[in-house]
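Me: I'd like a close look at one residue and the surroundings it belongs to. Could you take me through that part in a connected way?

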Amino acid sequence: MSDSTNTPTPSNTTLRVGRGVFLATALGGLTSLWWGRSAWSRVSALIGPVESLIPLVPQGGWRIYTVSGTLPGFDPASWRLELNGAVKTPASLDYRELLTLPKVEQVSTFHCVTGWTVHNVAWGGVRIKDVLAHVTPHADAHALRFVSAENPYDDYLTLEQASLGDVMLAYEMDGKPLAREHGAPLRLVIPDMYGYKNVKWLNRIELVPRESKGYWENLGYDQNAWVGRSNGYGTA
């Protein structure tokens, strides 16, 4: 799978992964497009022994996972980021409007809970506060639900977590618009938490009274996925 080009192009059709790999892991609830034996060592006990037998097909150090067996498409002309939930009036941003918001750039390390890491990832995008400026939250809104176009993937952050200095909504990676496999057109980036909290293919942010369990938390992963301090890491 190639990287994205400099100009996003419509890709409404879903991209299907290999049927053999998908069927082999469907019972575990997870499909991986690029696999690594060591990357699966920590989770194989949770989702079965089949995954540890899948060979590695590297892509610049990344391993791309999908819970549905497909990658959502992206059409810049029709995509919307919906902002709703506990707000006075729901709102939405199209792709052009997103790009007009104050841009921020940062370089950070990406950590997967399965044990692999990608260093010096250059992200470009916007702070969450600049997106939320388009709605008026209710007084009881204390958390955010991030919803992916890859149904049923979602996850949560408290407003305090979402306001950390290096948390962002990224639409660029390494100087180019996000590639499809990396969550085009928009993904959550929170470097201090493991990758499953970094929701890809974002199409909705919902303000809610409190955080709840996201997709992976419902399968046993920690709610607060701090790197080195959760999911069995950093404990005796």
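Where is Trp201 placed in this chain? Please start there and work outwards.

Reply: Happy to. Keep in mind throughout that this is a predicted model. Trp201 is placed in the loop between S13 and strand S14, the latter covering residues 202–208. Its backbone is worth a look: phi is about 55 degrees, a positive value, although Trp201 is not a glycine. Trp201 counts as buried because its relative accessibility is 3%, under the 20% limit.

A useful comparison is Asn120, another residue other than glycine with a positive phi, here near 55 degrees. Asn120 is in strand S8. At 59% relative accessibility it counts as exposed, since the limit for that label is over 50%.

Moving outwards from the loop, Phe146 makes a good next stop. Beyond four places in sequence, Phe146 is in contact with a set of residues that includes Val199, Leu202, Arg204 and Ile205. The same list also holds Tyr153, Asp154, Asp155 and Leu157, as well as Ile128, Leu169 and Leu188. Phe146 is also one of the residues with the most contacts inside the largest nonpolar core, together with Trp62, Trp123, Ile128 and Leu169. That core has 58 residues, and its largest share, five residues, comes from strand S11 (residues 168–173).

Several of those contacts lead to strand S10 and its partner. S9 and S10 pair in the antiparallel sense over five bridges, and a hairpin of five residues joins S9 to S10. Across the pair, Arg145 stands opposite Tyr156 in S10. Five of the five residues of S10 are buried, so this strand is largely enclosed by the rest of the structure. In a regular strand, side chains alternate between the two faces of the sheet. Here Asp154, Tyr156 and Thr158 point one way from S10, while Asp155 and Leu157 point the other way, and all of them are buried.

The loop between S9 (143–148) and S10 (154–158) also holds Pro152. The peptide bond from Asn151 to Pro152 is cis, with omega near 10 degrees. A second cis bond runs from Ala184 to Pro185, again with omega near 10 degrees. Pro185 is in the loop between strand S12 (176–177) and strand S13 (187–189), and S13 brings us back to the strand that precedes the loop of Trp201.

Aromatic residues turn up here too. Tyr153, one of the contacts of Phe146, forms an aromatic cluster with Tyr196, Tyr215, Trp216 and Tyr221.

From the core we can follow the polar and nonpolar neighbours a little further. Gln106 lies in strand S7 (residues 104–111), and its relative accessible area of 12% makes it buried, being under 20%. Its side chain makes a polar contact with the side chain of Arg127 at 3.0 Å and reaches the backbone oxygen of Asp166 at 2.8 Å. Among the other contacts of Gln106, leaving aside neighbours within four places, are Trp123, Met168 and Val189.

Met168 also touches Val126, which sits in strand S8 (residues 117–126). Val126 is buried, with a relative accessible area of 0%. Its other contacts beyond four places include Leu98, Leu101, Val131, Leu169 and Tyr171. Pro102 is on that list as well: Val126 and Pro102 are 24 residues apart in sequence, yet their C-alpha atoms are 6.3 Å apart in space.

Finally, a word on how far to trust the details. The mean pLDDT of the protein is 81, and 74% of its residues reach 70 or more. Residues 1–29 stay under 50, with 64 contacts beyond four places in sequence. Residues 32–58 are below 50 too, with 55 contacts beyond near neighbours in sequence. Where pLDDT is low, predicted coordinates should not be read in detail.

Definitions and conventions. Residues are numbered from 1 along each chain as its sequence is written. This is a predicted model: local features need pLDDT of at least 70, side-chain atom pairs count only at pLDDT 80 or more; totals for chains, interfaces and linings use all residues. Side-chain values use heavy atoms; hydrogens and water are left out. Helices (H or I, at least four residues) and strands (E, at least two) are DSSP runs, numbered from the N terminus. Buried means under 20% relative accessible area, exposed over 50%, partly exposed in between (1.4 Å probe, protein chains only). Contact means heavy atoms within 4.5 Å. Rings of Phe, Tyr and Trp (its six-membered ring) pair if their centres lie within 6.5 Å; planes under 30 degrees apart count as stacked, over 60 as edge-to-face and the rest as tilted. A polar contact is a pair of N or O atoms within 3.5 Å; within protein, one must be able to donate a hydrogen and the other to accept it, and residues adjacent in sequence count only if both atoms are side-chain atoms. A nonpolar core is a set of buried Ala, Val, Leu, Ile, Met, Phe, Trp, Tyr and Cys residues joined through side-chain atoms within 4.5 Å. pLDDT is the predictor's confidence in each residue, from 0 to 100. Two strands pair if DSSP finds at least two bridges between them.
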